[in-house]
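Trainee: Please take me through this model, and let me ask at each step how a label was earned.

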Amino acid sequence: MLIDVHGHIGRVVPDRREFIDADNLIAKMDVWGIDITFVLPLSEHPEGAYMECDTDDVIAACSKYPDRLIPFCLIDHRFGNHKNMDFSYLLDEYTARGCIGFGEFLPKADFDDPLCINLYRQVGKYGLPIIFDMQDRPEGYGLRDDYGLPKLERALKLCPDTVFVGHGPTFWAEISAHVPENMRSGYPKGSIQPGGAVSRLMREYPNLWADLSAGSGYNALTRDPSFGIEFLDEFQDKLMFGTDSCLRSDVKKVYPNVDFIRRIEEEKKISKDAVEKIKWKNAVELFKLKITD
Ligand SMILES: [Zn+2]
């Protein structure tokens, strides 16, 4: 069993001819050996509109393959624009329609913006884990934080009943105690200096998990192979496989995150039990899926 906790459908801008629908996503999953994909909307955020797909689109697409595609929902924290905005009518509806998680949350906002904290708390009350993206570029999308991720830590403290699933270049750059300034939104190479914010926060806060998706997750776990193995072993109860594949044409290549998890399985550097947790069991547990292998 392999579960991708981070999949997308939608029309990709600016080349709007690139369009992934449920059928295209299933075709990719079949080629890559993925049984179930969680599908994450993006375009509730203006910053996420590079891929046109909102919660309604995701729910409709997933209803075509209910055994294999599972919907997430998304709300922009600026909706209503005050720090006591009540989102329960939306969360009631989305959970009733089968959404099991929240994200991909990627506004260009401070991680601990009061409007975000209000939303995180309400999402947590509904038992929906939040997959977020963190970036550091002046343009574009993604939550913002300082070196050492103090804003993420503040949110983890203020929202103990909300599970956050880390993802994105800035989150993963902070796996190392040394974060090169010009690479905080890139793919830093070379050895990882122990003592990074990601390991510290994952040790200290039960409500911080991470997915292994995208170039950023792949880079973090492969740039220093022995550190990567130790990290997978230590956090085997809080890590989940994911791809973050956004293009229909990805089907033509060996997707790096898929290749990585297969290599980890073959090389047996972590236990079979740990591999199974990362491949699917942690996702089943965190998202309370009703499936068995
Ligand atoms: Zn994504």
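Trainee: How do you know that E1 and strand E4 (residues 36–39) are joined, and in which sense do they run?

Mentor: They are joined by 3 bridges and run parallel; two strands count as paired if DSSP finds at least two bridges between them, and a strand here is a DSSP run of E with at least two residues, a helix a run of H or I with at least four, both numbered from the N terminus. One of the bridges can be named, since the partner of Asp4 in E4 is Thr37. This is a predicted model, in which local features need pLDDT of at least 70 and side-chain atom pairs count only at pLDDT 80 or more, while totals for chains, interfaces and linings use all residues. Residues are numbered from 1 along each chain as its sequence is written.

Trainee: What makes E1 and E11 edge strands?

Mentor: Strand E1 (3–7) and strand E11 (239–240) each pair on one side only, at the two ends of an open, parallel sheet of 8 strands in the order E1-E4-E6-E7-E8-E9-E10-E11. At the E11 end, 2 bridges join it in parallel to strand E10 (residues 208–211), and Asp211 has Met240 as its bridge partner.

Trainee: Is E1 mostly covered or mostly open, and how many of its residues are buried?

Mentor: Despite its place at the edge, E1 is mostly covered, with 5 of its 5 residues buried. A residue is called buried if 20 or more other C-beta atoms lie within 10 Å of its own, exposed if 12 or fewer do, and partly exposed in between, with the C-beta atoms placed from the backbone.

Trainee: Which strands form the antiparallel sheet, and in what order?

Mentor: That open sheet has 3 strands in the order E3-E2-E5, with strand E3 (19–20) and strand E5 (51–52) at its edges. Strand E2 (residues 10–12) and E3 meet over 2 bridges, in one of which Arg11 is matched with Phe19.

Trainee: How do you know whether Leu149 and Lys268 are buried or exposed?

Mentor: Leu149 has 23 C-beta neighbours inside 10 Å and therefore counts as buried, whereas Lys268 has 9 and is therefore exposed. Both are non-glycine residues with a positive phi, about 55° for Leu149 and near 55° for Lys268. Leu149 lies in the loop between strand E8 (130–132) and helix H5 (150–158), and Lys268 in the loop between helix H10 (256–267) and helix H11 (272–286).

Trainee: How do you know whether the span of H10 agrees with its 12 residues?

Mentor: The expected span is 1.5 Å times one less than the number of residues; for H10 that gives 16 Å, and its end C-alpha atoms are 16 Å apart, so the two agree.

Trainee: Which residues of H10 are buried, and why are they placed on the same side of H10?

Mentor: They are Asn257, Val258, Ile261 and Ile264, and because they cover an arc of only 130° around the axis (the arc of the directions from the helix axis to the C-beta atoms), they lie on the same side of H10. An α-helix has 3.6 residues a turn, so residues three or four places apart point the same way. On the other side of H10, Arg263, Glu266 and Glu267 are exposed, while the cover over the buried residues includes H1, helix H8 (214–222), helix H9 (225–234) and H11.

Trainee: How many residues has the largest nonpolar core, and what does Phe72 touch?

Mentor: It has 88 residues, with Val39, Phe72 and Ile130 making the most contacts inside it; such a core is a set of buried Ala, Val, Leu, Ile, Met, Phe, Trp, Tyr and Cys residues joined through C-beta atoms within 7 Å. Leaving aside residues up to four places away in sequence, Phe72 touches, among others, Phe38, Val39, Val58 and Phe102, a contact being two C-beta atoms, placed from the backbone, within 7 Å.

Trainee: What makes the protein chain as compact as a globular protein of its length?

Mentor: The chain contains 11 helices and 11 strands. Its radius of gyration is 18 Å, close to the 19 Å that the globule rule gives for 293 residues, so the description is justified; the radius is taken over C-alpha atoms, and the rule is 2.2 Å times the number of residues to the power 0.38. Buried residues make up 48% of the 293.
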